[in-house]
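Could you walk me through this model in the viewer, one selection at a time? I would like to know what to pick next and what to look for there.

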Amino acid sequence: GVNLSPALIAVGFIIGPKSAVVVFFGGALAAFVLMPIYGAILGTHENLSALDAAKDLWSGRIRYVGIGAMLIGGLWTLIQLRGTILRGLGISTGFSFAGAFARPRIRHELARTERDAPLAWVIVPFLLTLMVMAWLYSRAIGHFGIAVMMTLIMAVTGFLFSAVAGYMAGIVGSSSNPVSGVTIATVAVSAIVLMLVMGPHNIAGPAAALMIGAVVCCAAAMAGDNLQDLKTGYIVGATPWKQQAMQVVGVATGAVVIAPVLTLLHTKYGLGEMTTHHPHPLSAPQATLMASLAQGVFGGDLPWGMVVLGAVLATLVIVWDHHQDKGGKSFRVPILAFALGIYLPFKLSAAILLGGLLADLVKRRGEADERTLSQQGLLCAAGLVTGEALTGIALAIPIALSGIWPSLSPDPVMIFETPPLGGWPGLVIVAGVGVWLYRNAIRSMSTK
């Protein structure tokens, strides 16, 4: 099927037809090639229907192919950016502590648009934050030595993967930020290291690995956002250290707001796993995947064969893509987009493909590539993503307040199990949204 989500259509429109096709190709490979082969060779549960068997096979085996592909993709991204990371550390160009710790107003030799915050402004809060995180980890795990190790793993992986994510977002765009890849790699590395220290079957082990992954995930996401902010600021003539100061304010504000919003969504819909109270939870494939990875490492039941298969497929894709690059071919296969398609539910990849095809229609009509889609079209697509998120939050408010006023909570069976006219109204509405997006993009291009 296809997820009738305007936000997914918009995502496909934003990333463009080439990336959307690669994501879809990864999903098609998993659904139409790997799953039938695996089911034919090793069989499925006899007491399940074909659809339930396919879902069970995907969640229990095939999606781990995506884990292996994401691990190799994250490693390959680090290898590609090794020179940039080393130069950023000052290994290639030299490093001056005196210059780094000087106040911005004293560094007159730099143009105003090149004055970063002094290193002291970064290091001191960073060290204080590490102390707080070590205390938080020790409270959660109950062992100070392991908490210190978790803090070190978090600092090292967070630094490296933030550099990768930020660089990719700054060069290509926020939609190319490999947050999922670096987070999965972090959870895998953390789980393996912690298992060697804490021992297998440790109850607190998966939670410890996920706590590290959560911090690195946030750091990688904010790195991409910060790089885009600084790049835009440079274009308009902003002063970097002033931008960086306000970015800290933005991060602190988000930390206060995000927790109650997530709590609200969890109360209304549930997240990831289906339960009796939340039979139709919000889809959280990446989060479920990471939890399964951490639990599989500590529980010893991780299907390593499928992970290795994903790593092999990713290696073949990287080799082929490198060959395409050397030959000057226009069609490339980004490994992280390919791996994303494998472990995303196929109905999501199909919706993203529709958005990519819509962007291709706009490109052909406007005789431009996907990087030069009209500003109006991209703004409309971004608004669809934001609008769907805000609508979900608005719908969650009555359910969250149902404890005070029970009549605010509708019967979920009447809404989800027996919707009027089935899924046809949703299909019509999403089709209308697609037409509206296309017309807005074309109209703004024709007025230029």
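Start on the surface by selecting V2, L4, L354, L357, W424 and L427, which together make a nonpolar patch of about 570 Å². Keep in mind as you look that this is a predicted model. Two helices, α13 (346-366) and α16 (424-446), each supply at least two residues of the patch. For a single residue to centre on, take L357: it is found in helix α13, and at a relative accessible area of 43% it is partly exposed.

Now zoom out and show the whole protein chain. You will find 16 helices and 0 strands. The chain has 448 residues, of which 39% count as buried. Its exposed area is about 24500 Å², with carbon and sulfur atoms supplying 69% of that. If you display contacts between residues at least 6 apart in sequence, 75% of them join residues at least 24 apart.

**Helix α11 and its cover**

Next, select helix α11, residues 304-326. Put a distance between its end C-alpha atoms: they are 33 Å apart, and because 23 residues at 1.5 Å a residue should span 33 Å, the two values agree. Colour its buried residues, which are M306, V307, G310, A311, L313, A314, V317, I318, D321 and Q324. What lies over them? The cover includes α1, α2 (50-80) and α12. Before leaving, step just past the end of α11 to G328, where phi is positive at about 70 degrees.

**Helix α12**

One of those covering helices, α12, deserves its own selection. How many of its 9 residues are buried? The count is 8, so α12 is mostly covered, with buried meaning under 20% relative accessible area. Show I335, L336, A337, F338, A339, G341, I342 and Y343 to see the buried set.

**Aromatic pairs**

Stay with the rings for a moment. The model holds 4 aromatic pairs. Select F25 and F338: this pair is tilted, with 5.9 Å centre to centre and 35 degrees between the planes. The pair links distant parts of the chain, as F25 sits in helix α1 (residues 6-42) and F338 in helix α12 (residues 335-343), 313 residues apart. Switch on the surface and compare the partners: F25 counts as partly exposed at 46% relative accessibility, whereas F338 counts as buried at 1%.

Then go to W121 and W241, an edge-to-face pair with 5.6 Å centre to centre and 80 degrees between the planes. This pair, too, links distant parts of the chain: W121 is in helix α5 (residues 119-141) and W241 in helix α9, 120 residues apart. W121 counts as partly exposed at 45% relative accessibility, and W241 is partly exposed as well, with a relative accessible area of 25%.

To finish with the rings, select F24, F32 and F346, which ring pairs link into a cluster.

**Along helix α9**

While helix α9 (residues 240-268) is on screen, pick Q247, which has its place there. Is Q247 buried or exposed? With a relative accessible area of 14%, Q247 is buried. Show the neighbours of Q247 and, leaving out residues up to four places away in sequence, you will see it touch N226, D229 and L230.

**V216 in helix α8**

Move on to V216, whose place is in helix α8. This valine is buried, with a relative accessible area of 1%. Which residues does V216 touch, not counting those up to four places away in sequence? They are M154, T157, G158, F161 and T186. Draw a C-alpha to C-alpha distance from V216 to T157: the two are 7.0 Å apart in space and 59 residues apart in sequence.

**Last stop: H201**

End the tour in the loop between α7 (179-198) and α8 (205-236), where you will find H201. Check its backbone angle first: H201 has a positive phi of about 65 degrees although it is not a glycine. For context, most residues other than glycine have a negative phi. Then turn the surface back on: H201 counts as exposed at 61% relative accessibility.

Technical notes
Residues numbered from 1 in each chain as written. Predicted model: local features only at pLDDT ≥ 70, side-chain atom pairs only at ≥ 80, totals over all residues. Heavy atoms only, no water. Helix = DSSP H or I, 4+ residues; strand = E, 2+ residues; numbered from the N terminus. Buried < 20%, exposed > 50% of the residue type's maximum accessible area, 1.4 Å probe, protein only. Contact = heavy atoms within 4.5 Å. Phe/Tyr/Trp six-rings, centres within 6.5 Å; stacked < 30°, edge-to-face > 60°. Expected span 1.5 Å × (residues − 1). Areas by Shrake-Rupley, 256 points an atom, 1.4 Å probe, with all protein chains shown as cover. Patch = residues over 30% accessible without salt bridge, like charges linked within 9 Å, V, L, I, M, F, W, Y side chains within 5 Å. Salt bridge = Lys/Arg side-chain N within 4 Å of Asp/Glu carboxyl O.
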